Amino acid sequence: MGTLTCPRHMFLWGLSAVFLFAFASLYVQIPGLYGNEGILPARYQMRFTGKTLLELLRDSPTLLWLGPRLGLNTQQGMELICLLGVLLSFGAMVMNPLRDSLVFFCLWALYLSVYQVGQVFLYFQWDSLLLEVGFLTVLVAPLNLLRQTPSRHHDAITFWLIRWLLFRLMFASGVVKLTSRCPTWWGLTALTYHYETQCIPTPLAWYAHQLPVWFQKLSVVATFIIEIPAPFLLFSPIRSLRLGAFYLQVLLQILIILTGNYNFFNLLTIILCFSLLDDDHINFWLGYRKKMKYHQGGQWAWSQAALSWTAFLIALTVYVFVAYWATVYFGLEINWEKKSLSSKTEFTYYQFNGFLKTVIASSIWLGLLSLFWEVVTTMLRCASVQGIFWKLLSIAQWAIFASAAATMFAISLVPYTYIEYESSSSIWPSVRKAYGTVERYQLVNSYGLFRRMTGVGGRPEVVIEGSMDKNSWTEIEFMYKPGNLSSPPPFVAPHQPRLDWQMWFAALGPHSRSPWFYSLVHRLLQGKRDVIALIQLEESRYPFGKQPPAFIRAHLYKYWFTEPNEDGSHPQQWWRRQFVEEFFPAVYLGDPVLDSLLSQHGLKDKVQMRERPETLVPRVLRLIREHVRTLSGPLVLWSLFSTAVAICLVKGLFSMPPRDSKCEPSPTEPKSRKTEDTAPPGAQGDKLQKDSESPHRPAEGDGGKNSQRSPRKQK
């Protein structure tokens, strides 16, 4: 790979934006989810047992233990943490010096703090992924305190950890679809159900659902190709194969974004893909072409041309092999008469399981060899740095980051091998012990998205109804999840309405598997405004805004997307539904059945703690909450993001570089001293010749800084 300055800047800026989305989205929902009168009050998770602060942090690493020292209750502590996260991530987006390892360490610690008390509403794979990426970013981001660091040769090592995480995420997501033995994935029919059964579809999901079955099955085959063999190209020594893998992964994530609301998950995955880029390719996006090197006499460098053609032929061979593999193992056949393409799985579960055992072991060795290559090449670059002090500093950096990368790789093997039992059992006990030590900090995690396809017989949906007399019932419509048959699916990402998500999970089983649902019913009977705001922000759209319902019940329905009209136009309704059964019986406030369920799961209201005199920090938090209370989650997120982007654009206009300048290291990352004034006198002529050929150096007379140097200073 070439230099990584621009990809690293893109990665850090993008991750700052994702942290902004995550903290802001959670902040607007804290009162209803975790407040003292919320669904799952977070204060129940904070048990002060007389232990010291260090013991409390060891058992449950969260900064909320410091809340009482600031005069804050648990809800106010969560709000303060989220606001600090928003402020830091917003600052990192608009100010390059704040994209610092210390800042990202703070963002990781803040999100880990709310994750520890988030309970079921924060136990999603993308929350764990954000924590793992956030910790790795501490290694990727520069430490701006050391402004005189001459080079960042270790970028290749730290960026390799991002690639390894991307590999584990995508490969595991593809493998679990087949190891789960889900008949829809094995029958290649999963996408005929996916668009209407996912948690919160978008309007485009309705149109994607209408595509012919042969195209849906072909799309499943393409998903398997992108998620199982394509991730191995992330470690290819051939640059074109890595770039091909980049575009395949980004294409998949964009299609998911268009058809489903998966908050910041797909954006975060795209940001991980930036680890496959280098400055040359980004300069290619910007319209800069790399100059070809010539030998004396104007002849092409035949060795470079031969190497390029060899790489091209190898890449072409790999793509042909993957296409042949897909044709054979998925039985792809074109029907020219019907203008369709048939496909079916041509291998068995036991064949795939045997293949998986071999591939898991091979992938571990491939990762180890790839990491070893990055470590060795980085060491050679560090050893070639001129100047004793800078050489020692570069070697020290190399030793630190190489050790950190080796450690992270080792402990990541434990959750990675969960997808195959025999490989998992062969991990060294010492590695397992190390993983168990850091597991609570979410440094490495296991992944596997869309393991099984739900809603094959129709999308299950819980509909809550309220009544004042137990005779006439009125449906309580949510803002985002399907309910009203005429309401179109919304675009809500990157905001995640976490109550709507949990309602989707609740519909997949009996209410006993979702005890938080009892607390939701209890709060609605009490008429708690913070909980109602999670369902409907506009009081006019909530049928019991003036008076809480006397009774509440819940029914289970099956939902399906409607079909287009005969003329191909869109029907008046987006959904059709059918009643299935009663999900939760009618209860009232003080109902013995409801009280018993609340007590059984520890959700009964406890004695309120004595209110302390309001100090400055709680007063500021209350004022901010009053201003944000009436704003929707997507509006808050996009307002913050648009403001940050506008500030960046204004800064860019006022500090626009020359027209022909390219992606160069920032002033805080000066180039290696080897190319500066420490070059040996005998190599001066070679240096000048290289300078004239370098595609990253301004040409003579273009106003660049080199044209202003005196001969003495150049020497």
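In which helix is Ser128 found? Ser128 belongs to helix H6, which covers residues 125-140. The model described here is predicted. In this model Ser128 counts as buried, because its relative accessibility is 10% and buried means under 20%. Leaving out residues up to four places away in sequence, Ser128 touches Tyr115, Gln442, Asn445 and Tyr447.

**The chain as a whole**

The chain contains 27 helices and six strands. Of its 715 residues, 51% are buried. Contacts can also be sorted by separation along the sequence. Among contacts between residues at least 6 apart in sequence, 77% join residues at least 24 apart.

**The nonpolar core**

The largest nonpolar core has 195 residues, and the members that touch the most other members are Phe11, Phe517 and Leu520. Helix H7, residues 155-179, gives the most to this core, with 16 residues. Phe517 can be followed further. Apart from neighbours within four places in sequence, Phe517 is in contact with Val462, Ile464, Met503, Ala554, Phe583 and Phe584. One of these partners, Met503, is among the buried residues of helix H20.

**Helix H20 and the largest cavity**

How many of the nine residues of H20 are buried? Eight are, so H20 is largely enclosed by the rest of the structure. The buried residues are Arg498, Leu499, Asp500, Trp501, Gln502, Met503, Trp504 and Ala506. This list includes Arg498 and Asp500, and both Arg and Asp count as charged.

A search of the whole structure finds four cavities of 30 Å³ or more. The largest cavity has a volume of about 270 Å³. It is lined by 21 residues, of which Val28, Gln29, Ala533, Leu534 and Leu537 are the closest to its centre. Two or more lining residues come from each of helix H2 (30-34), helix H20 (498-506), helix H22 (529-535) and helix H24 (616-628). By type, the lining of the largest cavity divides into 11 nonpolar, five polar and five charged residues.

**Cysteines**

A disulfide is a covalent bond between the sulfur atoms of two cysteines. A search of the whole structure finds zero disulfides. Cys106 is partly exposed, with a relative accessible area of 35%. Cys648 is also partly exposed, and its relative accessible area is 21%.

**Backbone geometry in loops**

Most residues other than glycine have a negative phi, and most peptide bonds are trans. The peptide bond from Ala493 to Pro494 is cis, with omega near 10°. Pro494 sits in the loop between strand S4 (474-475) and H20. Arg181 and Lys470 are listed below with their positive phi values.

| Residue | Phi | Loop | Relative accessibility |
|---|---|---|---|
| Arg181 | near 60° | between H7 and helix H8 (183-186) | 47% |
| Lys470 | near 70° | between strand S3 (459-467) and S4 | 46% |

Are Arg181 and Lys470 buried or partly exposed? Arg181 counts as partly exposed at 47% relative accessibility, and Lys470 counts as partly exposed at 46%. The reasoning is that partly exposed lies between buried, under 20%, and exposed, over 50%. The loop that holds Arg181 begins after H7, the helix that gives the most residues to the largest nonpolar core.

Conventions
Residues are numbered from 1 along each chain as its sequence is written. This is a predicted model: local features need pLDDT of at least 70, side-chain atom pairs count only at pLDDT 80 or more; totals for chains, interfaces and linings use all residues. Side-chain values use heavy atoms; hydrogens and water are left out. On a 1 Å grid over the protein atoms alone, a cavity is a set of points where a 1.4 Å probe fits but cannot get out, and a pocket is an open set with protein on both sides within 12 Å along at least five of seven lines; lining residues have an atom within 4 Å of a point. Grid points are joined across faces, edges and corners, and a volume is the space filled by probe spheres set on the points. Helices (H or I, at least four residues) and strands (E, at least two) are DSSP runs, numbered from the N terminus. Buried means under 20% relative accessible area, exposed over 50%, partly exposed in between (1.4 Å probe, protein chains only). Contact means heavy atoms within 4.5 Å. A nonpolar core is a set of buried Ala, Val, Leu, Ile, Met, Phe, Trp, Tyr and Cys residues joined through side-chain atoms within 4.5 Å. A disulfide is a pair of cysteine sulfur atoms within 2.5 Å.
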